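Biologist: I'd like to learn how to read a model like this one. Can we go through a few features together?

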Amino acid sequence: MTRIFLSPPDVRGAEREMLLAALDSGWVAPAGPDLDAFEMELATLAGVGHAVALSSGTAALHLALLLAGVGPGDDVLVPSLTFAASAFPVTYVGARPCFVDSEPATWNLSPQLLADELQERRARNALPAAVVVVDLYGQCADYDALLPLCEELDVPVIEDAAEALGATWQGHRAGSFGRTGVLSFNGNKLITTSGGGALVTDDAVAAERARYLATQARQPAVHYEHTDIGFNYRLSNLLAAFGRGQLVELDARIARRHEIREAYGKALDGHDGVELAPLDARGTTNAWLTCITIDAATGVTPEQVRLHLEQSDIESRPLWKPMHAQPVFADSPACLDGTADRLFATGLCLPSGSGMTDDQLELVLTRLAEVLPGA
Ligand SMILES: *Cc1c(COP(=O)(O)O)cnc(C)c1O
């Protein structure tokens, strides 16, 4: 029996053709027509004018921080409940991540706590140099509430939409909410280039600057003149071709993840104290990962469920361990109300890959029913 993973790469066929066509065309590296086309497709998907394809989402976030002018001594607000890659690049530019808790309604950055934190910082003249907002598990944050708070104080927003390609909020696409947005094509994400990411923005000058910094900051001179520190962050034309192949069936991939989420939702009926992660009706999720919470009062822990699934070679995982609880960030300030800690203690991510077969899903549902409370 093959292991059922949380969110493995889902390769269907178009990738192979497009990858080989790129190879045969001779456009192997660095740039090429697939890279240009992939960027245009990504910009459209993110609802913005420009996309710069990069070697990872982490690289995109690094460049987004540089474009926002974040530097040594600055503070950047980051939600605590996220993957570490939302926070690590803040340290690459010499700044300090300061963590803010989530709201229960979307599990994303709490508008109330952000408002409090910005107020308090304004009073002591210590506004953050940027705010990173994350669209967790494929659901957009509450941009209706978050964006005005940052706009009023002229604090740039960077949208970490690494998990949210194809999601929307109030009809606008994930990736379009900040000055810059970040996408990821890591192997476990909605689409993959085996490793890759993109910076998306409506700002043509910012996109050009990102492209320049990502290709070793080469000034247009035959001898390669450098007036800035650059990076080697570009995605290759071959991988862009693979990514274009992944995009061919993007809608089907999202639809499959929704089916999986709905199947879990049905299976939870009758299990009191077990809930799907909430969805805010103002947005549409891409259903990247289906997550549940199990109330402590049920007497069943997420770890018990995880171990039971593991016996059948089914992978599940706790939610992201909050950044304020990570040893590496022990010295970072945090503005908390207990939400991230509670979600981490009660949450579990279930297998959600768009390539999961009906039989595999059936098996996971059967095993879940055996172990969930109230079974
Ligand atoms: C995956 C992920 C990233 C980083 O993307 P990579 O392409 O793996 O570097 C950043 N933020 C979040 C929230 C992610 O889930």
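Modeller: Sure. Leu-23 lies in helix H1, which spans residues 14-25. Keep in mind that this is a predicted model.

Biologist: Is Leu-23 buried, partly exposed or exposed?

Modeller: Partly exposed counts as anything between 20% and 50% relative accessible area. Leu-23 comes out at 43%, so it is partly exposed.

Biologist: Which residues make the nonpolar surface patch with Leu-23?

Modeller: Leu-20 and Val-28 make the patch together with Leu-23, and its area is about 220 Å².

Biologist: On to cysteines. How many disulfides does the structure hold?

Modeller: Zero. Cys-140 is in no disulfide, and the nearest cysteine sulfur, in Cys-291, sits 15 Å away. Cys-140 also counts as buried, because its relative accessibility is 1%.

Biologist: Why is Cys-291 not bonded to Cys-349?

Modeller: A disulfide needs two cysteine sulfur atoms within 2.5 Å. The sulfur of Cys-349 is the closest one to that of Cys-291, but at 3.7 Å it is too far for a bond. Cys-291 is buried as well, because its relative accessibility is 2%.

Biologist: And the ligand: which residues are closest?

Modeller: 15 residues surround the ligand, and the closest are Thr-58, Asp-160, Glu-163, Ser-184 and Lys-189. For polar contacts, look at N and O atoms. An N or O atom in the Thr-58 side chain is 2.5 Å from a ligand oxygen, and one in the Asp-160 side chain is 2.7 Å from a ligand nitrogen. Gly-196 uses a backbone N or O atom, 3.4 Å from a ligand oxygen. The protein covers 94% of the 380 Å² of accessible area that the ligand has on its own.

Key. Residues numbered from 1 in each chain as written. Predicted model: local features only at pLDDT ≥ 70, side-chain atom pairs only at ≥ 80, totals over all residues. Heavy atoms only, no water. Buried < 20%, exposed > 50% of the residue type's maximum accessible area, 1.4 Å probe, protein only. Patch = residues over 30% accessible without salt bridge, like charges linked within 9 Å, V, L, I, M, F, W, Y side chains within 5 Å. Areas by Shrake-Rupley, 256 points an atom, 1.4 Å probe, with all protein chains shown as cover. Salt bridge = Lys/Arg side-chain N within 4 Å of Asp/Glu carboxyl O. Helix = DSSP H or I, 4+ residues; strand = E, 2+ residues; numbered from the N terminus. Near = heavy atom within 4 Å. Polar contact = N/O pair within 3.5 Å; in protein donor to acceptor, adjacent residues only side chain to side chain.
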